[in-house]
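Hi there,

Here is the structure I promised to pass along. Have a look at it first, and then read on for what turned up.

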Amino acid sequence: MSRRTPRDVERRRSPRAEPAELPEPVSVVGTRLLDISHGGLAIEAPIPLAPESSLRLRLVVGGVKTELETRVADCRRRTSDRGRPWGVGVEFTDIPKETRRRLAEVLNPKTLRARKRPPRSA
């Protein structure tokens, strides 16, 4: 029997999507977007960022760039062969109404592409 730790508990309020699942391009200037939801996103970082710290990001949704204020919710070392070994989860703290509306359109479950998942083994 495995023991669950507080880090294992799902705290997200809304489902997340990977960039390949989105119907139009979404990115963060200067880093790689790992996933995004209505409430926040995950990015790669070259250094660890302190939880609860503020982080200003430039989010690009369908070619439209917006500056956002976020709060670092989590930072974990990733197993990656790339140059950015940290995964940083951030929560949106100040997001313009128009950007929130555009995200809602992009993250609409009816328009998300199905993620290809490997078959489960028995």
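Which side chain meets E44 in a salt bridge? The partner is R78, with a distance of 2.5 Å from N to O. Please keep in mind that this is a predicted model. E44 sits in strand 3 (residues 40–45), while R78 is in the loop between strand 5 (64–77) and strand 6 (86–94), so their pairing ties together parts that are 34 residues apart in sequence. The two ends of this bridge also have their own surroundings. E44 has a relative accessible area of 3%, so it counts as buried, the cut-off being under 20%. R78 has a relative accessible area of 26% and is partly exposed.

As a general reminder, side chains of opposite charge can pair when their charged atoms come close. In this model the count comes to 12 salt bridges, and I would like to walk you through two others.

One of them joins the side chains of E52 and R71, at 2.9 Å from N to O. E52 belongs to the loop between strand 3 and strand 4 (54–61) and R71 to strand 5, so this pair ties together parts that are 19 residues apart in sequence. E52 is exposed, at 57% relative accessible area, whereas R71 is partly exposed, at 22%.

The other is between R56 and E67, whose side chains meet at 2.5 Å, N to O. Here R56 in strand 4 is linked with E67 in strand 5, and the two are 11 residues apart. How open are they? R56 has a relative accessible area of 53%, so it passes the mark of over 50% and counts as exposed. E67, at 33%, is partly exposed. This pair also has company: R56 and E67 belong to a network of salt bridges together with R58 and E69.

Finally, a residue away from the charged pairs. T99 lies in helix 1, which covers residues 97–106. Is T99 buried or exposed? It is buried, with a relative accessibility of 7%. Leaving aside residues up to four places away in sequence, T99 touches L59, T66 and L68.

If you open the model, E44 and R78 make a good starting pair to display, and the network of R56, R58, E67 and E69 could come next. After that, you could turn to T99 in helix 1 and show L59, T66 and L68, which it touches.

Happy viewing, and best wishes!

Notes: Residues are numbered from 1 along each chain as its sequence is written. This is a predicted model: local features need pLDDT of at least 70, side-chain atom pairs count only at pLDDT 80 or more; totals for chains, interfaces and linings use all residues. Side-chain values use heavy atoms; hydrogens and water are left out. Helices (H or I, at least four residues) and strands (E, at least two) are DSSP runs, numbered from the N terminus. Buried means under 20% relative accessible area, exposed over 50%, partly exposed in between (1.4 Å probe, protein chains only). Contact means heavy atoms within 4.5 Å. A salt bridge is a side-chain nitrogen of Lys or Arg within 4 Å of a carboxyl oxygen of Asp or Glu.
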